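Subject: Structure for you to look at

Dear colleague,

I am passing on the structure we spoke about, and my notes on it follow below. Please keep it open while you read, since the notes go from one residue to the next.

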Amino acid sequence: MTPKPYLSHSQKILWETQPETYVEQYMYNGQRYTSRAQAYGSKVHTAIENGGDSGDIEIDLLVNDLPCFPDGLDLREFTLETTLSVGKEHIPLLGKFDRLKTDYTALKDWKTGKNAWTQAKVNKDKQITFYCMLIFIEKKKIPHDIEVVWIPTEEDEQGRLKITGEFVR
């Protein structure tokens, strides 16, 4: 089994932080570990992409209030594939955007979790920088309107994850 034919931000982070896990997952098609928090974040993300039709009233109400671009200017769950060429080397890159404006001048990214997504955390994560690099390589533009929206989660009395009902821009 060979690795995926592209490099994504999540692959890059896994390689940097857990190279053995990267090799198992991407070289040997191993089992992918998903934490309870990641699974819940995926549920919220899917509800956002489906316009708030998750069957969970709390999630669906929050989704209806999240900031989006005006109708017709919003690319949802948009995938951008491009190639970074450096000398004779060509590296296929892939990015999956939560929200991207159709003219590539703005993007929004949703983050869930208990720990706040501060400006310092966003800067350290470098996902937005990776996305901007993809847009620049492919469209020769750099988005000027970038927003990360944190959707805080907490545990209820039974230890289940749930959203708090707020979002922080």
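Phe97, if one leaves aside its neighbours within four places in sequence, is in contact with Arg76, Glu77, Phe78, Leu80, Leu107, Tyr131 and Ile135. Please bear in mind that this is a predicted model, and that the contacts are computed from it.

Phe97 also belongs to the largest nonpolar core, which has 18 residues, and it is one of the six that touch the most other members, the others being Leu100, Leu107, Ile128, Tyr131 and Ile135. At least two residues of this core come from each of strand S2 (74-86), strand S3 (89-101), helix H6 (127-139) and strand S5, and it is H6 that gives the most, with seven residues. Apart from this core lies another one, of 13 residues, which includes Ile48, Val63, Leu66 and Val149. As a general background to both, nonpolar side chains tend to be buried together in soluble globular proteins.

The strands around S3 are worth following next. S2 and S3 pair in the antiparallel sense over 12 bridges, and in this pairing Glu81 has Leu94 of S3 as its bridge partner. The two strands form a hairpin with two residues between them, and Gly87, in the turn, has a positive phi of about 60 degrees. S3 is also joined by two bridges to strand S4 (residues 106-113), and these two strands run antiparallel; here Leu100 stands opposite Leu107 in S4. S3 and S4 likewise form a hairpin, with four residues between the strands, in which Tyr104 takes a positive phi near 65 degrees. In the parallel sense, S3 pairs over two bridges with strand S1 (residues 7-8), where Ser8 stands opposite Leu94 in S3. Leu94 is therefore a point to look at from two sides, being the bridge partner of Glu81 and standing opposite Ser8.

Turning to the charged side chains, how many salt bridges does the count come to? It comes to nine salt bridges, and three of them are described here.

In one of these, the side chains of Arg36 and Glu155 meet at 2.8 Å, N to O. Because Arg36 lies in helix H3 (residues 36-49) and Glu155 in strand S5 (residues 145-155), the pair ties together parts that are 119 residues apart in sequence. Arg36 counts as partly exposed, at 47% relative accessibility, and Glu155 is partly exposed as well, with a relative accessible area of 37%. Both residues are also linked with Lys114 in a network of salt bridges.

Helix H3 takes part in a further pair, in which Asp56 forms a salt bridge with Lys43, the closest N and O atoms being 3.8 Å apart. Asp56 lies in the loop between H3 and helix H4 (57-65), whereas Lys43 lies in helix H3, so this pair ties together parts that are 13 residues apart in sequence. Lys43 counts as partly exposed, at 38% relative accessibility.

Finally, the side chains of Asp109 and Lys111 meet in a salt bridge at 3.0 Å, N to O. Are these two residues, Asp109 and Lys111, buried or exposed? Both of them are buried.

With best wishes

Notes
Residues numbered from 1 in each chain as written. Predicted model: local features only at pLDDT ≥ 70, side-chain atom pairs only at ≥ 80, totals over all residues. Heavy atoms only, no water. Salt bridge = Lys/Arg side-chain N within 4 Å of Asp/Glu carboxyl O. Buried < 20%, exposed > 50% of the residue type's maximum accessible area, 1.4 Å probe, protein only. Core = buried A, V, L, I, M, F, W, Y, C linked by side-chain atoms within 4.5 Å. Contact = heavy atoms within 4.5 Å.
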